Every structure is written in structure tokens, then in C-alpha cells.
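Hello,

Here is the structure I promised to pass on to you. Have a look at it first, and then read on for what I found when I went through it.

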Amino acid sequence: MPDTEHSEVYLRLGSHAEKQYVLKTFHLFSGVLFGANLLESTPGATVSFAIKVGGKGKRFAVDPMTYTFGMDLEYIKSETMDRTAKRAGATKKGLKRSFAKLAQEYGAVIERSVKKDRPVNPDDFDDDSIRDLCESTYTYQGERMLTYFDADVQLQQFANECPSPDFVFAPYFYIPYRAGGWRKWHELNLKLVSAFADIDGEIEKHGVICIDQYVLDNEEDFLRICEKFLDADVPAFWLWLSALTEEKISDSRVRTLTKVVKMFAEADRKLYNMHGGYLSALLGKQGLTGFSHGVGYGEGKDVVPVVGVVVPTVNYHYPPLHIRTSILEIERALSELGISDTDDFHEKVCDCTVCKGVLAGDLKNLRQFGEFILKIGNQRESQTPDSAKKCRLHFLLARRKEIDHVAEFTAAQLKQELGDAATEYAALPGYLTLQAKSRHLNTWAKAL
Amino acid sequence: MMPLSKKKNSNKHVAECDLSRPVRRFLSREGYTQIVEELQFFERSIDVYGVAPGEGAKTVAVELKLRKWQKALQQAALYQLCSDYSYVAMPKNIARGLEPRAFSAAGIGILAVDTTSKAVEIVLPAILSKQAKGHYISAYKEMLGR
């Protein structure tokens with residue numbers, strides 16, 4: 001008998017390149033979330049994907065991504081060839097097509113501000129436009145896929161197979177807690193979720209609290225902010241603490257987060273962490289309903305998108321510490337951890353089918369999780385696609401085991417386990433990087 | 001009025017590249033005739049890597065650092081996987097002030113580089129790595145031997 005319910009875990013599909021991982025493993029999780037921008041940029045592929053997920057009895061939902069229209073619009077712009085220019089090779093910068101389509105779907109306020117090339121601000125909204133945005137967002141999430149079916153002659157006859165999301169998100173904007181004017185954003189979000197709750201519609205409605213992670217430093221403020229959200233008549237909320245990295249969270253922040261989780265549980269509302277990892281699974285013991293993350297790994301997300309050309313290395317998810325780390329650092333620590341062969345590795349680190357298949361009885365094969373290659377045109381080597389694939393699939397299998405483990409054990413047992421692991425790793429010599437990377441374990445134990 | 005004087009830090013004008021040439025020369029004299037800089041090892045980059053060819057060929061990895069010795073020690077410890085000997089090289093005034101116990105516990109050596117005279121001195125000799133993996137070392141030996 002499990003000690004508590006399993007955390008609900010949703011995989012976030014960031015791009016169709018990630019589909020291979022999600023299709024192989026989504027049956028292990030509660031469901032899948034994808035961004036409305038993905039639905040707009042590749043409707044056919046996204047709809048067929050949603051059919052597969054829904055067909056297997058798993059839940060799916062579309063994140064409306066409304067917050068992007070309250071941020072600097074540069075974040076959702078791209079450079080394209082300017083076909084109207086006389087000069088060959090001329091480029092122009094404009095809103096990405098997927099976001100331009102969303103702006104049209106989400107009603108007058110957003111469409112107008114985008115035309116003026118500026119983000120929306122709370123003063124743009126009155127009661128009518130709030131209702132308008134709520135209705136548009138609801139309709140979009142509930143019916144956009146059906147519209148796609150209807151518009152496609154070949155798909156029309158299958159319109160009754162068109163999946164409907166299991167829940168819909170209220171429109172939401174980022175609350176810039178450290179900036180002046182954050183209260184106005186908070187007020188707007190409260191009005192939006194309340195108006196959204198009032199919409200007539202069969203689909204379950206969820207609210208989103210998207211806020212600067214620094215709010216965790218002021219427990220009183222954070223509790224008050226969240227308490228006001230509880231006035232809205234929706235059964236569930238998703239909390240997005242922008243740029244929060246679970247393994248870097250401080251003791252005091254964990255305490256505040258735990259209090260917030262308990263507050264929602266006591267109010268009989270579901271609370272999900274929109275971008276979380278193992279700490280969120282542990283918080284399930286305090287009433288957190290679940291969390292979502294990407295496939296490699298997206299356990300934390302900044303509202304400000306990463307702009308860069310370097311493809312990040314997909315590191316190995318190291319189950320004893322529940323974090324990702326370089327395979328090199330793991331390999332270097334093996335002897336100090338008393339791991340001398342693959343049997344030891346499977347017993348102390350991971351025995352998932354990916355690890356067993358990759359190691360195949362020889363620890364030397366660990367390097368396959370971190371293989372690098374020099375690609376044409378690059379000056380530095382980068383991770384091979386095969387190595388990244390192995391790391392991602394291992395992560396998803398290991399995550400499932402972690403969720404089962406948390407459900408099976410009591411909070412006291414998990415606390416003891418975290419403490420034991422912290423002691424074991426703290427005793428490693430300081431020249432091993434894994435020693436310093438284990439400090440979060442004692443902090444996480446404070447959530448239990 | 002007296003002009004505000006800027007604090008001068010003797011290390012300020014020393015860069016890691018000021019350490020690499022003396023270290024290369026030093027290794028060369030020690031028999032490491034095949035030497036390469038910035039050798040990629042997974043996502044890391046080994047500052048200086050040398051092979052002393054011949055029967056019983058040996059390899060050495062050197063991490064160059066101006067200040068942060070703990071970070072240098074951790075990196076040098078990783079390089080023990082792919083080299084027989086692993087060193088941290090730092091400017092002489094810093095290298096001589098290091099607490100050698102943390103280094104000797106790991107078997108990592110310390111090189112002190114005189115950035116003026118370019119002389120390199122072994123403050124602590126490295127111990128033959130027990131972590132060295134043949135599959136990494138042989139690949140580098142072969143690559144540098146070409």
C-alpha cells in the first residue's frame with residue numbers, strides 16, 4: 001500500500017523534436033502539456049500527438065502562454081527574410097507567426113497592443129476586456145483543435161475523434177514581485193482567474209500563479225498573494241516561481257513554499273508546480289498535487305527566455321542526489337562511493353532499463369552518457385545526439401521510479417533517507433564535485 | 001588634492017596564458033615531448049596535456065589557475081581519469097601558500113610558476129593516478145602520437 005497518492009506528473013512538450021521521448025514514456029506519467037505556440041506553429045503534428053495521448057487515457061492540456069504578451073515582445077520576435085525589400089538578403093524582425101496568430105485569437109486588448117508593438121499592461125484592461133480575454137482563452141484551449149479538424153477536408157469526417165483538453169488554464173501574466181507595479185499585475189491576475197471561473201463551460205478550469213521566485217523571501221507577502229487567489233472558484237492552481245532552481249533553494253524558501261502548499265491543501269484546492277523536480281515530488285507529502293517538467297529536463301523555467309545558440313549538454317540525472325550532473329563527475333567518484341562494478345552501480349545509483357542496457361556489464365560504458373563529438377563548423381565538441389537521447393530516456397524512467405518511491409515511503413522515512421544521503425556525500429573528499437552538489441538534500445528534508 | 005590611487009594587484013596583470021608557456025617548457029624538459037593545450041575531455045577542457053612517449057609512456061594533465069585553488073583541485077581530480085599524473089599550476093606566491101594536505105590526499109601535485117623568471121618548481125609531486133582509465137589515456141596517447 002502506498003503511503004500517499006502518487007504525484008501527478010505532466011510532461012511538457014517543448015518542441016516536436018522531443019516527441020520521440022514523450023511518446024515512449026508518457027504512459028508512465030499523468031499526462032502531457034504543450035504550449036499554445038506549439039499548437040499554432042505545427043497544428044497537424046500537435047493534434048495527432050494529442051490524439052495519441054488522449055487515446056491512451058492520459059490527460060493533456062494546452063498552456064495558453066498569455067504571459068508572453070505582458071513581457072518585452074522582443075522575446076517572441078524572430079528575424080525572417082524580407083521578401084518585400086529590394087535588396088537581396090534583407091531581413092526584418094517581427095512577431096513569430098505562432099504568437100501573432102495567438103494574439104488574434106486572444107481578443108482585442110492583446111491584438112491592439114501587439115499592433116502597437118508594445119506589451120499589454122494592467123491598465124489596458126477593464127471588466128469587459130477581462131471577460132473577453134477569459135472567453136477567448138477558454139474557447140481557444142477548448143476548440144482550437146476542432147477548428148483545425150473542420151478546416152481540413154481530409155480530417156472533417158474524423159471531427160468526433162478530436163480530443164478535448166482535460167482542463168484549461170485561466171489567462172495569466174507574470175507578477176514581477178520585485179518591480180514597482182507588481183500589485184497591479186497581481187490584481188489583474190486575480191480578476192482574470194475569477195472571471196475565468198465564471199465562464200460557462202464543461203472543461204475543468206485551473207488558475208496559474210506566475211511570479212518572481214524572490215517572493216519566497218517574504219513569507220507574509222507570498223501567503224497573502226496566494227490567499228487572494230483562493231477566492232476564485234477554481235479547483236486547481238499551477239504555481240510558476242520563475243527561475244527557481246530546486247537544488248539551489250534555501251532553507252527559509254523551502255519553509256515558505258511548504259506553508260503555501262499546506263495552505264492550498266487546507267483550502268481543499270489542488271496545487272501543481274508548473275516547473276518542478278524531486279523537491280516537488282517530496283512536497284506531495286504536504287499536499288502538492290503534482291508538477292510538470294520537460295524531457296531534458298526543464299525542472300525550472302525563467303519567464304525570460306534563454307537566448308543563445310549553444311545547445312546545452314543533457315547531463316545524466318543522478319538518482320542518489322536527484323539532480324543532473326556530468327557523467328565525468330560521477331565516474332570520478334565511483335571508487336570513493338564503493339562502486340566497483342555494474343552490480344554496485346545498479347544497486348546504488350540506477351537500475352533502469354536504459355542504464356542496464358548502456359552499461360551492459362561494464363562500467364566503462366558509462367561514458368556513453370556523455371559522449372562528445374566535433375561537429376563540422378564548430379570549434380568545440382558537443383554532445384552526440386545518441387548520448388543526449390540516452391540521458392533523456394534514463395531521466396524519464398528514473399523520474400517515474402522517484403515518484404513511486406515517494407508515494408511508497410512515509411515522510412519520516414524520506415527525511416531519514418535524505419539525511420543519510422547528505423551524510424554519505426558530505427563525507428566524500430572536497431576534491432570530488434559531488435560532495436558540494438549534495439548540499440540541497442538537507443534543505444529538501446526540511447520540506448518534510 | 002591627491003588623486004585617488006588605484007589599488008594595484010600584482011596578479012592582476014597575470015593571465016592563465018602567462019602560466020601555460022613556462023609549464024609547457026617545464027613538461028618538455030621532464031620528457032613530455034607531445035604537448036597540447038585546451039584538450040577537450042567530455043565537457044571540460046584540459047589546459048595542458050602531455051605525453052612522454054616510449055616504453056612505459058606516461059601522461060600528465062595540468063590545470064592552470066590564478067586564484068581559485070579549490071576549483072582547480074576539483075578539475076585536476078577529474079583529469080586523474082585520463083592521465084597518469086595530474087597537477088595544478090598557479091603563480092608562485094599563491095602556490096607556495098597552498099595547504100598541501102588537500103592536494104596530497106587526492107594525489108594531485110602543485111606546480112609554482114614564477115611569472116617573472118618563468119621558472120617552474122614542483123611544490124608537491126603528483127602521485128600516479130589510481131583513477132586513470134586505460135580507455136581514455138590510450139585514446140589521447142594515440143591522438144597525440146599521430
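**Chain A as a whole**

Chain A has 17 helices and 14 strands as its secondary structure. Its radius of gyration is 23 Å, close to the 22 Å that the globule rule gives for 448 residues, so chain A is as compact as a globular protein of that length. Please keep in mind as you read that this is a predicted model.

If you turn chain A along its principal axes, the C-alpha trace spans about 65 × 55 × 45 Å. Of its 448 residues, 44% count as buried. Contacts that reach across the sequence are well represented here: taking the contacts between residues at least 6 apart, 68% join residues at least 24 apart.

**The sheet in chain A**

A good place to start looking is the open sheet of eight strands in chain A. Its strands follow the order β3-β2-β1-β10-β9-β8-β7-β6, and they pair in parallel. Which strands stand at the edges? They are β3 (59-63) and β6 (167-169) of chain A; each has a single partner strand, so one side of each is left without a neighbour in the sheet. On average, neighbouring strands of this sheet are turned by 25 degrees against each other, with direction ignored.

One pairing is worth following residue by residue. Strand β1 (residues 8-13) of chain A pairs with strand β2 (residues 31-35) of chain A over four bridges, in the parallel sense. Within it, Arg12(A) stands opposite Leu33(A), which lies in β2(A).

Both of those residues turn up again around Ser292(A), which is found in strand β10 (residues 290-293) of chain A. Is Ser292(A) buried or exposed? It has 27 other C-beta atoms within 10 Å, and since 20 or more are enough to count as buried, Ser292(A) is buried. Leaving aside residues up to four places away in sequence, Ser292(A) touches Val9(A), Tyr10(A), Leu11(A) and Arg12(A), along with Leu33(A), Tyr272(A), Met274(A) and His275(A). His317(A) is another residue you can use to get your bearings: it is 25 residues from Ser292(A) in sequence, and their C-alpha atoms are 16 Å apart in space.

**Two domains in chain A**

The domain assignment divides chain A into domain 1 (8-293) and domain 2 (316-445). Taken over C-alpha atoms, the centres of these two domains of chain A are 31 Å apart. Where they meet, 17 residues of domain 1 of chain A are in contact with 14 residues of domain 2 of chain A.

On the domain 1 side of this contact, the elements that give two or more residues are α1 (19-25), α9 (251-266) and α10 (278-283) of chain A. The most come from α10(A), with four residues. Sorted by class, this side of domain 1 of chain A has nine nonpolar, four polar and four charged residues.

**Chain B**

The secondary structure of chain B consists of five helices and six strands. Read from the N terminus on, the elements of chain B run α-β-β-β-α-β-α-α-β-β-α. A compact globule of 146 residues would have a radius of gyration near 15 Å, and the 16 Å of chain B agrees with that. Along its principal axes, the C-alpha trace of chain B spans about 70 × 30 × 30 Å.

Of the 146 residues of chain B, 40% count as buried. For contacts in chain B with a separation of 6 or more, residues 24 or more positions apart account for 52%.

Helix α2(B) deserves a look of its own. Nine of its eleven residues are buried, so α2(B) is largely enclosed by the rest of the structure. Among these buried residues are Trp69(B), Leu73(B), Leu78(B) and Tyr79(B).

**Where the chains meet**

How many residues does each chain bring to the contact? Chain A brings 18 residues and chain B brings 14 residues. On the side of chain B that touches chain A, α2 (69-79) and α4 (100-106) of chain B are the elements that give two or more residues. The largest share of that side, four residues, comes from α2(B), the helix with nine of eleven residues buried. By class, the side of chain B that touches chain A divides into eight nonpolar, four polar and two charged residues.

Enjoy exploring it, and all the best!

Note on methods
Residues are numbered from 1 along each chain as its sequence is written. Chains are lettered from A and ligands numbered from 1 in the order in which they are written. This is a predicted model: local features need pLDDT of at least 70, side-chain atom pairs count only at pLDDT 80 or more; totals for chains, interfaces and linings use all residues. Two residues are in contact if their C-beta atoms, placed from the backbone, lie within 7 Å. Ala, Val, Leu, Ile, Met, Phe, Trp, Tyr, Cys and Pro count as nonpolar, Asp, Glu, Lys and Arg as charged, and the others, Gly among them, as polar. The radius of gyration is taken over C-alpha atoms; the globule rule is 2.2 Å times the number of residues to the power 0.38. A residue is buried if 20 or more other C-beta atoms lie within 10 Å of its own, exposed if 12 or fewer, and partly exposed in between; C-beta atoms are placed from the backbone. Domain bounds come from an automatic or database domain assignment. Two strands pair if DSSP finds at least two bridges between them. Axes are lines fitted to C-alpha atoms, for helices over the stretch in contact, and angles run from 0 to 180 degrees between N-to-C directions.
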